[in-house]
Amino acid sequence: MSQTHSPVADAWTPAQIQAVIDAHRSRPGAMLPMLHAIQDRFGFIPEEAVPMIADALRHTRAEVHGIISFYHHFRTHPAGRNVVQICRAEACQSVGSRQLEAHARKVLGIDYHQTTPDHEFTLEPVYCLGNCACGPSIRVNDDIHGRMTPEQFDELTDELSATVVEVK
């Protein structure tokens, strides 16, 4: 599944959320497709959508919240412009992902599931990127980077946060 990452998550209204719910409510096993559709459209699942989803699918709010919180993919707040996922699977751990994790948290000044104050980066754990032979691996938005070192991480984040200025 490909996601688009924009500097600011799309604004949403209850009517827009309801339209997504209505488009998915009659599908078998509608909960996950509905949650994915909401997050794909708006960049996150607003807390205000939970009771709407619960009512539409005849679930409790607790059940909907439980599903959202169970899956690491779903977020309840807008993500930063760049979503950085660090692989935490055993293959990557064996070649230094825990040290890379600590470095990333220190450099970005955030922990997992948080976004930098400038909304530039969101840091998330992931449990396999399928790049095991080239660990430690990270994914930034839709691009996978293998054999990532702390120095390469710094270069990458500097490049991603750089703003092009046109001088006339």
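This is a conversation between a trainee and a mentor about how the terms used for this predicted model are justified.

Trainee: What should I keep in mind about the numbering and the kind of model?

Mentor: The model is predicted, and local features need pLDDT of at least 70, side-chain atom pairs count only at pLDDT 80 or more, while totals for chains, interfaces and linings use all residues. Residues are numbered from 1 along each chain as its sequence is written, and side-chain values use heavy atoms, with hydrogens and water left out.

Trainee: What makes a stretch of the protein a helix or a strand, and how many of each are there?

Mentor: A helix is a DSSP run of H or I with at least four residues and a strand is a run of E with at least two, numbered from the N terminus. On that basis the protein has seven helices and five strands, and along the sequence they follow the pattern α-α-α-α-β-α-α-β-β-β-β-α.

Trainee: Why is Glu-124 called buried?

Mentor: Buried means under 20% relative accessible area, exposed means over 50%, and partly exposed is in between, with a 1.4 Å probe and protein chains only. Glu-124 has a relative accessible area of 6%, so Glu-124 is buried. Its place is in strand S3, and buried residues make up 39% of the 168 residues in the protein.

Trainee: What makes the pairing of Glu-124 with Gln-85 a polar contact?

Mentor: A polar contact is a pair of N or O atoms within 3.5 Å; within protein, one must be able to donate a hydrogen and the other to accept it, and residues adjacent in sequence count only if both atoms are side-chain atoms. The side chains of Glu-124 and Gln-85 make such a contact at 3.2 Å.

Trainee: Which residues does Glu-124 touch, not counting residues up to four places away in sequence?

Mentor: With contact meaning heavy atoms within 4.5 Å, Glu-124 touches Arg-75, Val-83, Val-84, Gln-85, Ile-86 and Tyr-112 on that count. Arg-75 belongs to the loop between H4 and strand S1 (82-87), and at a relative accessible area of 11% Arg-75 is therefore buried as well. The side chain of Arg-75 reaches the backbone oxygen of Gly-43 at 3.4 Å.

Trainee: Why is Arg-98 placed in another class of accessibility?

Mentor: Arg-98 has 37% relative accessibility, so Arg-98 counts as partly exposed. Arg-98 is found in helix H6 (residues 97-108), and a polar contact of 3.3 Å joins the side chains of Arg-98 and Glu-101. Glu-63, in helix H4, is likewise partly exposed because its relative accessible area is 40%.

Trainee: What makes the second largest pocket a pocket, as opposed to a cavity?

Mentor: On a 1 Å grid over the protein atoms alone, a cavity is a set of points where a 1.4 Å probe fits but cannot get out, whereas a pocket is an open set with protein on both sides within 12 Å along at least five of seven lines; lining residues have an atom within 4 Å of a point. The second largest pocket is lined by 15 residues, and Phe-74, Arg-75, Thr-76, His-77 and His-113 lie nearest its centre. Helix H4 (61-70), strand S2 (114-115) and strand S3 (121-126) are the elements that give two or more residues to this lining.

Trainee: How do you know that its volume is about 260 Å³?

Mentor: Grid points are joined across faces, edges and corners, and a volume is the space filled by probe spheres set on the points; for the second largest pocket this comes to about 260 Å³.
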